[in-house]
Amino acid sequence: MLKMLGLCLLAGVLLAGMLFPVVGATGLVSNRASDTVDSISADLVTTDPPLITTVTDKDGLPIAYLFDQYRVLTPPEKISPTMKAALISVEDRRFYEHQGVDWKGTIRAGLTNQVSGSVSQGASTLTQQYVKNYLVHVVARNNKLEQAKAQEQTIARKMREARISLQLERKLGKEEILARYLNVVPFGSTIYGIAAAAQAYFNTTPDKLTVPQSAMLAGMVNSPSALDPEAYPDKALQRRNQVIDRMVENDKLSHDAGEAAKKEGLGLANPVRTPPNGCVGAGPENGFFCSYVVNYLQRAGFSEEQLRTGGYTIQTTLDRAVTSQAKAAAEAGVAKHIDGIANTMAVVKPGKERHDVLALVSNRDYGLKAQQHQTTFDLPSGVENKFGAGSIYKVFTAAAALEKGLGIENVIPTPTHHVSRVFKGGAQRCPSTGEPGTRWYCLSNFDGSYPSSMTLQQALQTSPNTGFVILEEQTGMDPVVDMASRLGMRETMATNLQGTRPDPKAKDKQHRISQTEFYKQGGGNASFTLSPAPVSTLELANVVATIVSGGKWCPPTPIAKVLDRNQKAVPVNEAPCEQVVAEGLANGLAAGMSKDDQGNGTAAAAARNAKWNRPMIGKTGTTEEYKSAAFIGATPDFAGAVQVFNDGTSPRPICLGAPGAPRLCANGNIFGGTIPAKTWFDTMTRLHAGVPPKGLAPVDQRYLKGGKEIQIPDVVGRQVNDAVRILEQAGYKVSQQTVNSDQPKGTVVSQTPRGNALRGTIVTLSVSSGYVPPPQPADPPSGDPNQPPPGQGNPNEPPPITLPTDPPGVPRR
């Protein structure tokens, strides 16, 4: 009795379904249900499923793929007729006859299932299956509950599918529906759609699928796991042959052709695989660049889901040749298996319109196998050198001083030792300020071979420490710190002393504030010019790109263009280029940095070994404990930075060993002029091969000799009181020393410096005593009477220039 009642109810529902196209939804569903059906129907027509995103190099060759579902859309005309015939034969042989719902089959299956008490027959058309698959694998792909609802065995779900199918058939043609079905359905694991299946299983394209291949794929669509041809080849073969038999029965294939097809093996690709997913798939050489691309686009507003489902083509600026050369040089400097030491390099193309990133490499390979010295940390692009870039930051101090009015030929003091009376925070060896627990900042040069003063250009070449701290005192800390961000250290300066984003909840105050805030607080931290804090290799490369681009900063972009799934350009929200310093200043700074590869320059030895012979700018850096060292350099054609630093869990100083084999040790001896400079020159020598040399931009006199705003009043000949007043009013500090002179007592007979110097500089006045004592007789000299007395020298020769006495090219900080 109950079974008979069920049959009656089923017949009534099915009759309503048959009348549905005529009478519409009145009395059958609520308005809300109708709206839902209409909405899903519209989505099915207008919304594409998740697609694979392809990341390419600058020439359009793929380097990586990003996807949740490996799927490539294929239009109807690009699908083999045998594939269509196989699918229709096994899933919906009346596909071209019905209008979306096969009512005859539905009634038969419904009655059979009701009598048997189970789902023993299905009657869904390909159109209905498309609706279900779309809901499961597109709409609800991240929602297990909604996926279950889309597959529940209820009459309500079936009727909703039926209505949507009827609407689709009125909006789309049969060939379009068939292609959409084949583009949505899964074929196992992350393989979705016929294009992905053809490639993964047979290494071919959908338009070239043969009868046996088409039959195997058609047989998988409703049970891709159970009929996985790799895991269950016998079941897959049996199912394939059943599909071929159906094709023969439906006159899609002749009997003889069918028998011949069944004799063939599965013919699977070896191995069956999808493209590698994510930046690990970009490989050990290109993975760091791929990771930077993803991070860059996410900062530009793309979500991770968009990148993994949007079907974009992302053409990058990656240059494979540059990357290969840089990778080889990085590994030659530090072999990849060396524990605890990373050697990273970034190469940027200078310019006034764009700064394209060409290469991001490390001696480490990009990957997940730590035991093989692989890593997914963004070593060349992130703020990953936690120990600093050393004296490279003197470039920012020099730039700030140039902006204040200094010229590269102006002389600055470079005493062997210096105790600041401006900056506090010194170590225990420094003198007390008089305040409890506070000491003046003090420091020394690398050794005692530096002269007591030199030009700014010489200082950038030979890198004395004291002179740049004195410049910080004269320019003020804020302009120096801000200059670092202006020239390109923007991500770096926004991080804290751990190299991460400041955490307002951190216990340690230093972790709650940015590096910019840290170095400005409390009147300034003078160690900034020696860069002891975390640094990004890529941003260092972009700094020198900015300098040789006439002071034009542009974001270091890895993006050439982004196309959507329809190959239409997608705008990328990138920061605009900025003129961050005057072009004359940038050119002057470049000239100031142009001697590092020559003479006593800290990178001269590496340049000579590489037989470097073209104009460039450069600067080395080494941190105090030898846990990192760095080099930046550029020509008008290429800019690059190299950093060697601890990347292990137990950082220690770095010692040099055989080529490619530095090691961690107790007392380091690495310098920026060693492995970092060698890596740079090894790379750049190859990149510039065949490229005509280009000179650096000419320098304005203002940035050679200094500006009028820093012209020191000439007080020689004035009374000392007037001289002091004039100098102090002009912003200079004054010290005095008495000298014997026949000038009236109290007259200034000389001053040092004379000409140009930054305000705040100490001007030493030699003041006449008004008295010249008579000469005192001296003992006659011993030895050859024809030789001049010791220290007098040959009066016909110019006095010797006092420079560091180490052999040329000995690296310093």
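## Asp251 and Ser531: positive phi values

In this predicted model, Asp251 is exposed, with a relative accessible area of 70%. That value lies over the 50% cut-off, and Asp251 is therefore classed as exposed rather than partly exposed. Asp251 sits in the loop between helix 11 (233-249) and helix 12. The backbone at Asp251 has a positive phi of about 60 degrees, although the residue is not a glycine. Most residues other than glycine have a negative phi.

Ser531 also has a positive phi, near 40 degrees, and is likewise a residue other than glycine. Ser531 belongs to the loop between helix 22 and helix 23. With a relative accessible area of 1%, Ser531 is buried.

## Thr529 and Asp68

The loop between helix 22 (515-520) and helix 23 (537-548) also holds Thr529. Thr529 has a relative accessible area of 0% and is buried. The side chain of Thr529 makes a polar contact with the side chain of Thr397, at 2.7 Å.

Asp68 is found in the loop between strand 2 and helix 3 (81-91). A relative accessible area of 32% makes Asp68 partly exposed, because this value falls between the cut-offs of 20% and 50%. Asp68 and Gly278 are 210 residues apart along the chain, and their C-alpha atoms are separated by 9.8 Å.

## Cis peptide bonds

Most peptide bonds are trans. The bond that joins Asn270 and Pro271 is cis, with omega about 5 degrees. Pro271 is placed in the loop between helix 12 (255-262) and helix 13 (283-299).

A cis peptide bond also leads from Thr752 to Pro753, with omega near 0 degrees. Pro753 lies in the loop between strand 22 and strand 23. In addition, Pro753 is one of the residues that line the largest cavity.

## The largest cavity

The count of cavities of 30 Å³ or more comes to one. The space in the largest cavity is about 50 Å³. Among the residues lining this cavity are Leu406, Leu471, Gln474, Ala757, Leu758 and Thr761. By class, the lining has eight nonpolar residues, two polar residues and no charged residues.

Strand 8 (411-413) and helix 18 (466-475) each supply at least two residues of this lining. Strand 8 contributes the most, with three residues.

## The second largest pocket

The second largest pocket holds about 770 Å³ of space. Its lining consists of 28 residues, and those that lie nearest the centre are Arg429, Tyr441, Ser527, Leu530 and Glu624. Two or more lining residues come from each of strand 9 (417-424) and strand 10 (440-444). The largest share, four residues, belongs to strand 10.

In terms of residue class, the lining of the second largest pocket comprises nine nonpolar, 14 polar and five charged residues.

## A sheet of four strands

Strands of a sheet pair through backbone hydrogen bonds, either parallel or antiparallel. One open sheet has four strands in the order 2-1-3-14, with mixed pairing. At its edges are strand 2 (62-66) and strand 14 (559-563), each of which pairs on one side only. On average, neighbouring strands of this sheet are turned by 15 degrees against each other, direction ignored.

Strand 1 (residues 53-56) pairs with strand 2 in the antiparallel sense over four bridges. Within this pairing, Thr56 has Pro62 of strand 2 as its bridge partner.

## A sheet of six strands

An open sheet of six strands follows the order 13-5-4-18-17-16, and its pairing is mixed. Strand 13 (556-557) and strand 16 (617-622) stand at the edges; each has a single partner strand, so one side of each is left without a neighbour in the sheet.

Strand 4 (residues 341-349) and strand 5 (residues 355-362) run antiparallel and are joined by six bridges. Here Ala346 stands opposite Leu360 in strand 5.

## Strand 23 and its partners

Strand 23 (residues 762-768) is mostly covered, as five of its seven residues are buried. Strand 21 (residues 733-739) pairs with strand 23 in the parallel sense over seven bridges. The bridge partner of Ser735 in strand 23 is Thr764.

Strand 22 (residues 748-752) runs antiparallel to strand 23, and four bridges join the two. Opposite Val748 stands Val767 of strand 23.

How values were computed. Residues are numbered from 1 along each chain as its sequence is written. This is a predicted model: local features need pLDDT of at least 70, side-chain atom pairs count only at pLDDT 80 or more; totals for chains, interfaces and linings use all residues. Side-chain values use heavy atoms; hydrogens and water are left out. On a 1 Å grid over the protein atoms alone, a cavity is a set of points where a 1.4 Å probe fits but cannot get out, and a pocket is an open set with protein on both sides within 12 Å along at least five of seven lines; lining residues have an atom within 4 Å of a point. Grid points are joined across faces, edges and corners, and a volume is the space filled by probe spheres set on the points. Ala, Val, Leu, Ile, Met, Phe, Trp, Tyr, Cys and Pro count as nonpolar, Asp, Glu, Lys and Arg as charged, and the others, Gly among them, as polar. Two strands pair if DSSP finds at least two bridges between them. Axes are lines fitted to C-alpha atoms, for helices over the stretch in contact, and angles run from 0 to 180 degrees between N-to-C directions. Buried means under 20% relative accessible area, exposed over 50%, partly exposed in between (1.4 Å probe, protein chains only). A polar contact is a pair of N or O atoms within 3.5 Å; within protein, one must be able to donate a hydrogen and the other to accept it, and residues adjacent in sequence count only if both atoms are side-chain atoms.
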